[in-house]
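Trainee: I would be grateful for a close look at the empty space inside this protein. Please take one part and work through it in detail.

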Amino acid sequence: MNTNRIFAQCFNFFRRFKVKENRITLIEKLDTGGTGSLFSIKKECEKRGLPLEFNIIRHSDYRVSPGNIGGLIRLFTVKAWRMATSSRIFLNDNFMPMAYMDIAPETICIQLWHGMGSFKKFGGSTELAPEIREELKKVNEKVDWILAGSDNIRGNYAEAFCVPEEKIINIGCPQADYYFETHDVTRKRRELEEKYPKLSGRKLVLYAPTFRDDPERDKELLTHFDFARFEKECGEEYCLAVRLHPQIRGGKVPDYVIDLTTYPNVRELLRMTDVLIADYSSIAVEYALLGRPILLYAFDKEWYLGKDRGFYFDYEKTAPGPICETMEALIRHLKEEDWDLSKVREFAALHNDHFDAESTKRVVDRFIDMKKLSGGNKMKIIAGLGNPTDQYKGTRHNIGFMAIDKLSEAYGIPVNQHKFKAMVGSGFVEGQRVLLMKPLTYMNLS
C-alpha cells in the first residue's frame with residue numbers, strides 16, 4: 001500500500017474547503033515522544049493563550065496493520081481534511097506525500113528538522129537514486145521556509161533539502177531552548193537513580209551511536225563496544241548507559257548495562273549526562289550546548305568517511321572531543337579526563353548562533369499572526385502595591401509586591417525593567433497579555 005500517494009489524494013480532495021487561520025498542522029514524521037521543536041511551538045502558543053486548533057500527524061498513524069485500521073481511516077479522512085485546511089504546516093522531517101499535494105497558496109509550510117546543526121551529511125547531500133532525489137525536490141518545492149540554527153549551515157541545508165539558500169532562515173532551533181531554560185535536573189536525576197540504583201554516586205556516561213546506512217553493520221554495532229572492559233576499568237567512577245538511534249535495528253544492549261533507548265525526553269536525559277560518547281550523530285551538536293565533555297568512539301572511521309555519508313565539515317579538524325578508534329583509547333581518555341572543553345564550545349558555535357531560550361518565541365512571532373487570532377488582545381496592567389524599602393519586606397504592607405512576585409514566578413515573566421516609576425515586566429497570564437507592575441512610589445502615593 002502506497003500510503004504516501006493515498007494520503008496526498010485524500011488531501012487534494014479536501015482542498016475544496018476553506019483554509020482556517022486558527023488551524024495548525026504538526027507533522028511528527030520522526031517520533032520525538034512529544035518533546036521536540038514541534039511541541040515547543042505548540043506549548044508556546046498555548047502559553048500565549050492563542051485560540052489555535054492543532055492537527056497532529058504522527059509516524060505511527062501510517063502503520064499498516066490490522067490493529068491500526070481505525071487509525072488509517074482517521075488519517076485519510078479527518079487528519080487529511082484538517083491538514084488541507086491548515087494555515088500553517090510545521091514539519092520535523094521530509095514528508096513525502098507533499099510531493100503530490102496541491103497545497104493552498106495561503107498555507108505556509110515550515111520545516112523545523114529534527115536534528116540540530118549539520119554534522120553528518122543527509123538528504124540531497126548523499127547519494128540518492130534519481131527518482132528519490134526528484135521526489136525530494138518536489139517535496140521541498142512545497143516548503144516555504146526551512147529553519148537553521150546558524151549562518152554557517154545554511155548552504156549545507158540548501159544542498160540537503162534541494163532548495164535555494166534563500167529558503168533557509170537562521171532564527172534558531174526551538175528544541176535547543178530546553179538547554180537554556182531552568183529545569184529541576186536534580187529531581188529527574190534522583191528519579192533515574194531510583195529506577196537504576198547502580199547510578200547512585202557515579203557519573204553518567206551516555207553512549208549514543210547513530211545508525212549506518214547498512215543494516216548488517218547496525219546489527220553488529222554494539223559488538224564493537226567492550227562493555228565488560230568499560231565496567232571493569234571505569235565502573236568505580238562512571239556508570240554507562242546506552243541510547244540507540246531509532247533506526248538501529250537488531251542491536252542488543254547487555255542485560256547488565258542500562259538501556260535508555262526508550263527514555264521519552266532525550267534533552268532531559270542529556271541534561272543529566274556527565275560525559276557523552278557519540279560517533280557521527282547530531283546528538284553531539286545538542287550536547288555541545290551544555291559545554292560538557294564529548295568523546296567520539298569512531299571504530300569504523302575509515303569506512304564511514306570513505307563508504308558512508310561523510311560530513312559537511314572536516315570531521316577530525318572540527319571534532320568536539322578526542323576521536324577514539326579503539327576501546328583502549330576511549331577508556332584512556334575517559335580515565336585521564338583527556339579532553340579540551342574549548343573544542344566543545346567551538347563545535348557548538350560552528351552549528352549554532354543562538355545561545356538563548358528564545359528560538360521558539362522567534363518562530364511563533366514570525367509565523368503565527370497573533371493580531372488576527374487574538375482580535376488585538378489588549379494588554380492589561382496588574383499592579384501590586386507595596387513599599388520599596390527593606391523595612392516593609394515580607395510584611396502585610398507589601399502583600400501587593402508579593403502577589404506580583406508569585407505571578408512572575410508562575411508565568412515566567414521577569415519583573416526587571418524600570419519604567420513608569422515602577423518595576424515592570426510583560427508577558428502572558430492564561431493567554432492574556434499583561435504588564436506586571438510594582439510601583440516604587442510607596443503604598444500611600446501609588
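How do the residues of the lining of the second largest cavity divide into nonpolar, polar and charged?

Mentor: The residues of that lining divide into four nonpolar, no polar and two charged. Please bear in mind that the model is predicted. The lining of the second largest cavity consists of Lys198, Phe227, Glu231, Leu240, Tyr256 and Val257. Because Lys and Glu count as charged, Lys198 and Glu231 are the charged residues of this lining. Phe, Leu, Tyr and Val count as nonpolar, which places Phe227, Leu240, Tyr256 and Val257 in the nonpolar class. The space that these residues enclose amounts to about 50 Å³.

This cavity may be set beside the other one, for the structure holds two cavities of 30 Å³ or more. The largest cavity contains about 60 Å³ of space. Among the residues that line the largest cavity are Leu112, Trp113, Met116, Tyr157, Cys173 and His351. Its lining has seven nonpolar and five polar residues, and no charged ones. Glycines also contribute to that lining, including Gly115, Gly117, Gly149 and Gly172; they are placed in the polar class because Gly is counted there by definition.

Charged residues also appear in the second largest pocket, whose lining comprises 13 nonpolar, twelve polar and eleven charged residues. About 1000 Å³ of space lies in this pocket, and Glu44, Lys47, Glu181, Ala357 and Lys361 are the lining residues nearest its centre. Helix α2 (37-47) supplies at least two residues of the lining; its contribution of five residues is the largest share.

Note on methods: Residues are numbered from 1 along each chain as its sequence is written. This is a predicted model: local features need pLDDT of at least 70, side-chain atom pairs count only at pLDDT 80 or more; totals for chains, interfaces and linings use all residues. Side-chain values use heavy atoms; hydrogens and water are left out. On a 1 Å grid over the protein atoms alone, a cavity is a set of points where a 1.4 Å probe fits but cannot get out, and a pocket is an open set with protein on both sides within 12 Å along at least five of seven lines; lining residues have an atom within 4 Å of a point. Grid points are joined across faces, edges and corners, and a volume is the space filled by probe spheres set on the points. Helices (H or I, at least four residues) and strands (E, at least two) are DSSP runs, numbered from the N terminus.
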